[in-house]
Amino acid sequence: PGAVVCLAHDAVITLAIFVMVCKEVNISILAAILTLIGFSLNDTIVVFDRIRETEHEYSKKGTRFVINRAINDMVERTIITSGTTFTSAICLYFFAGGIVSDIAFAICVGIVFGTYSSIYVAAPFILLMEKMKLIKAS
């Protein structure tokens, strides 16, 4: 569920910013949004996989510690990956024209919010689901 919430978050925010700056949303922009969903999903899977790997090492310390440790372990990799993609997209935005510039704008916005959501929305969603499970059980 955390990954699905992230994907909806990324797509809606990117489209909202596109509408706020009065840019046309056409089929090419929808393709860019789908690309962002794939990029964000990959990033979320990396976060969840790192949590799964860290869980075995620190199983006695609790879920909150495991999530924090996993995010701290992989945040550098995430920033480097997102940063290089963002750099390429921002260059396309400034130096390309027409529809390529619009696609690059959508990708730049999506990368920023996709990276943020993979770390600060998807991972804490695990804690939220755990709390809901405890409330439901009692």
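1. Y116 has a relative accessible area of 37%, and because of that value Y116 counts as partly exposed in this predicted model. Its neighbour in the same helix, F113, has a relative accessible area of 24% and is therefore partly exposed as well. Both residues belong to helix α4, which covers residues 98–137, and they stand 3 residues apart, or about one turn of the helix.

2. The overall fold may help to place these residues. The protein chain contains 4 helices and 0 strands, and when it is read along the sequence the pattern is α-α-α-α. Taken along the principal axes, the C-alpha atoms of the protein chain fill a box of roughly 55 × 30 × 20 Å. Of the 138 residues in the protein chain, 36% are buried.

3. Aromatic rings deserve a careful look, and the count of aromatic pairs comes to 6. In one pair, the ring centres of Y58 and F65 are 5.3 Å apart and the ring planes lie at 70°, so this pair is edge-to-face. The rings of F113 and Y116, with centres 6.3 Å apart and planes at 80°, also make a pair that is edge-to-face, because planes over 60 degrees apart are counted in that way. Elsewhere, F18, Y93, F94 and F105 form one aromatic cluster.

4. Two lysines are placed over aromatic rings. The charged end of K23 sits over the ring of F105, at 5.3 Å from the centre of that ring, while K61 lies over the face of F65, at 5.0 Å from the ring centre. F65, which also pairs with Y58, has a relative accessible area of 31% and is therefore partly exposed.

5. Which residues have the most contacts inside the largest nonpolar core? This core has 14 residues, and those with the most contacts inside it are F18, I33, L36, F105 and I107. The elements that give two or more residues to the core are α1, α2 and α4, and α4 gives the most, with 6 residues. F18 and F105 can thus be followed from the core to the aromatic cluster, where they join Y93 and F94.

6. The salt bridges form another part of the picture, and the structure holds 6 of them. As general background, side chains of opposite charge can pair when their charged atoms come close. The side chains of D43 and R77 meet in one such bridge, with an N to O distance of 3.9 Å. This pair links distant parts of the chain, since D43 is in helix α2 and R77 is in helix α3 (residues 63–95), 34 residues apart. Is D43 buried or exposed? D43 has a relative accessible area of 6%, and because buried means under 20%, D43 is buried. R77, by contrast in its label, is partly exposed because its relative accessible area is 36%.

7. R50 takes part in two salt bridges that can be read side by side. With E53, the N to O distance is 3.0 Å, and the two residues both lie in helix α2, 3 residues apart, about one turn of the helix. With D73, the closest N and O atoms of the bridge are 3.0 Å apart, and this pair links distant parts of the chain, with R50 in helix α2, D73 in helix α3, and their positions 23 residues apart. R50 has a relative accessible area of 26% and so is partly exposed, and E53, at 35% relative accessibility, therefore counts as partly exposed. D73 is partly exposed because its relative accessible area is 35%. Together with R69, the residues R50, E53 and D73 are linked in a network of salt bridges.

8. The loop between α1 (2–20) and α2 (27–57) contains C22, and the backbone there should be checked with some care. The phi of C22 is near 60°, which is a positive value in a residue other than glycine. Most residues other than glycine have a negative phi. C22 reaches 71% relative accessibility, and so this residue counts as exposed.

9. A last point concerns the surface, where V19, V25, I27 and L30 form a nonpolar patch with about 370 Å² of accessible area together. Within this patch, L30 has its place in helix α2, and because its relative accessibility is 40%, L30 counts as partly exposed.

Terms used. Residues numbered from 1 in each chain as written. Heavy atoms only, no water. Buried < 20%, exposed > 50% of the residue type's maximum accessible area, 1.4 Å probe, protein only. Patch = residues over 30% accessible without salt bridge, like charges linked within 9 Å, V, L, I, M, F, W, Y side chains within 5 Å. Areas by Shrake-Rupley, 256 points an atom, 1.4 Å probe, with all protein chains shown as cover. Salt bridge = Lys/Arg side-chain N within 4 Å of Asp/Glu carboxyl O. Phe/Tyr/Trp six-rings, centres within 6.5 Å; stacked < 30°, edge-to-face > 60°. Lys NZ or Arg CZ within 6 Å of the ring centre and 35° of its normal. Core = buried A, V, L, I, M, F, W, Y, C linked by side-chain atoms within 4.5 Å.
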